[in-house]
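Please find below some comments on the model you sent. They take the ligand site before two individual residues.

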Amino acid sequence: MNLTFTEEQLAVKEAAKEFAETELLPGVIERDEKEIFPAEQVRKMGEMGFMGMMVSPEYGGGGMDTISYVLAMTEICKVDASCGVVMSVNNSLVCWGLEKYGSEEQRQKYLAPLAKGEVIGAFCLSEPEAGSDATSQRTTAEDKGDYYLINGTKNWITNGNSAGTYIVYAQTDKEKRHHGINAFIVTRDMPGFVIGKKEKKLGIRGSDTHSLMFTDVKVPKENRIGEDGFGFKLAMGVLNGGRIGIAAQALGIATGAFERSLKYSKERKAFGVEISKHQAIAFKLADMATNIEASRLLILNAARLKDAKKDYTKASAMAKLFASQTAMDVTIEAIQIHGGYGYVKEYHVERMMRDAKITQIYEGTSEIQKIVISRDLLK
Ligand code: COS
């Protein structure tokens with residue numbers, strides 16, 4: 001594995017770092033506390049090219065590789081993981097799938113505005129009774145000839161109320177189980193499509209998460225992505241890549257908390273010396289840094305395999321599993337190192353701990369990652 005970054009990759013990382021520090025840091029605590037969607041920040045992320053990083057320039061994207069995407073995602077999430085999830089869903093779960101599997105007409109019409117960040121995308125797979133068990137889709141898409149009629153409910157949809165383009169998964173032929181699932185491009189102006197309640201969340205509170213209701217929503221046949229019955233394969237395919245993005249989000253959260261802890265431990269004094277001079281704290285820092293480095297290498301390996309067009313299913317699951325656990329462990333220790341200051345909002349690390357938890361849940365729980373990894377080992 002080549003661990004040397006190209007000049008272009010390093011430039012992307014630097015641009016994301018500077019952007020995060022100047023544009024995302026101010027107001028990040030308030031956005032979390034008041035659950036304010038970072039509309040202005042996301043608009044600027046679009047202008048910076050962060051919303052469609054891997055999309056080819058032909059469709060308005062940055063034409064970058066997955067390594068660059070991971071580097072940018074990590075820098076953004078070191079500061080604001082809510083902006084990170086908006087970016088991650090748009091890049092990995094929406095744009096990437098549309099470019100790879102969408103028709104030329106779909107790419108022209110829907111991909112370019114998404115890649116430029118002019119429109120935000122949402123990925124609508126989870127349902128009240130279908131989260132990990134994604135094959136059990138209750139939402140139906142009845143084939144009516146030149147259109148489909150969609151009925152059902154989706155839950156926990158990131159960008160639920162801020163999106164304009166929604167990739168909606170639904171069951172067309174129940175008998176065929178997952179081979180009967182299709183994916184559709186739905187726009188928010190389609191009659192019968194209602195945006196439901198906003199969830200009040202533990203973390204990533206700047207991002208908006210909603211339930212969505214579909215009642216006799218008429219979706220033209222040309223909005224189906226891929227062949228009839230291709231939906232589940234599409235969902236699994238984009239999630240394999242999405243998990244690299246979420247792993248990078250977890251890495252960003254962990255790194256942000258670690259850097260704050262390192263700095264704090266060199267400033268704060270107890271028993272006459274900086275607390276970093278106490279082995280109890282120094283050993284914590286050593287463990288945190290080691291797990292962060294291991295996460296980074298797992299993520300870069302998954303990204304490298306994806307860029308080399310090799311199978312990255314197991315690698316991305318391992319990266320997400322490990323990096324999300326690391327994000328939890330590191331942020332909890334970060335609070336411990338900060339002591340009483342860690343427990344209050346202005347020191348950021350309590351928010352980071354709350355943000356970290358979701359990385360063990362969405363785009364496949366840690367338990368699902370273990371299913372994916374073990375199935376790959378045993379096949
Ligand atoms: N990549 C590519 N294809 C995959 C895949 C993956 N990671 N996982 C499963 N598939 C394919 C299988 O190869 C199979 O295809 P064929 O029937 O053509 O052979 C098909 O999908 C169904 O697979 P399987 O029979 O293993 O389905 P299961 O119901 O046992 O569930 C898991 C598979 C659990 C892995 C899947 O449902 C999953 O990933 N669930 C989590 C979904 C998720 O991430 N939800 C969060 C939503 S976004 S916040």
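**Notes on the ligand site and two buried positions**

1. The ligand occupies the largest pocket. Please keep in mind throughout that this is a predicted model.

2. The shell around the ligand is made up of 20 residues. Ser132, His178, Asn240, Arg243 and Arg375 are the closest of them.

3. Which helices each supply at least two residues of that shell? They are helix H7 (231-267) and helix H11 (366-378). H7 accounts for the largest share, with six residues.

4. Some individual distances to the ligand deserve a place in the text. From Arg375, an N or O atom of the side chain is 2.4 Å from an oxygen atom of the ligand. The side chain of Asn240 places a polar atom 2.9 Å from a ligand nitrogen atom. Gly364 takes part through its backbone: an N or O atom there lies 3.0 Å from an oxygen atom of the ligand. As for cover, the ligand taken alone exposes 980 Å², and the protein buries 71% of that.

5. Turning to the first of the two positions, Val55 belongs to the loop that runs between helix H3 (39-47) and helix H4 (66-79). Is Val55 buried or exposed? Its relative accessible area is 2%, so Val55 is buried, the cut-off being under 20%.

6. The contacts of Val55, apart from neighbours within four places in sequence, are Gly61, Gly62, Gly63, Cys95, Glu99, Leu111 and Ala115. If a pair is wanted to give scale, Val55 and Ala356 are separated by 301 residues in sequence and by 27 Å in space, C-alpha to C-alpha.

7. The second position, Glu199, sits in a loop as well, between strand E6 (193-198) and strand E7 (209-220). Why does Glu199 count as buried? Its relative accessibility is 17%, and buried means under 20%.

8. What does the side chain of Glu199 make a polar contact with? The partner is the side chain of Lys197, at 3.0 Å. Once residues up to four places away in sequence are left out, Glu199 touches Trp156 and Thr209.

Terms used
Residues numbered from 1 in each chain as written. Predicted model: local features only at pLDDT ≥ 70, side-chain atom pairs only at ≥ 80, totals over all residues. Heavy atoms only, no water. Helix = DSSP H or I, 4+ residues; strand = E, 2+ residues; numbered from the N terminus. Buried < 20%, exposed > 50% of the residue type's maximum accessible area, 1.4 Å probe, protein only. Contact = heavy atoms within 4.5 Å. Near = heavy atom within 4 Å. Polar contact = N/O pair within 3.5 Å; in protein donor to acceptor, adjacent residues only side chain to side chain. Areas by Shrake-Rupley, 256 points an atom, 1.4 Å probe, with all protein chains shown as cover. 1 Å grid on protein atoms, 1.4 Å probe; cavity = no way out; pocket = protein on both sides within 12 Å on 5 of 7 lines; lining within 4 Å. Sits in = over half its atoms within 2 Å of the grid points.
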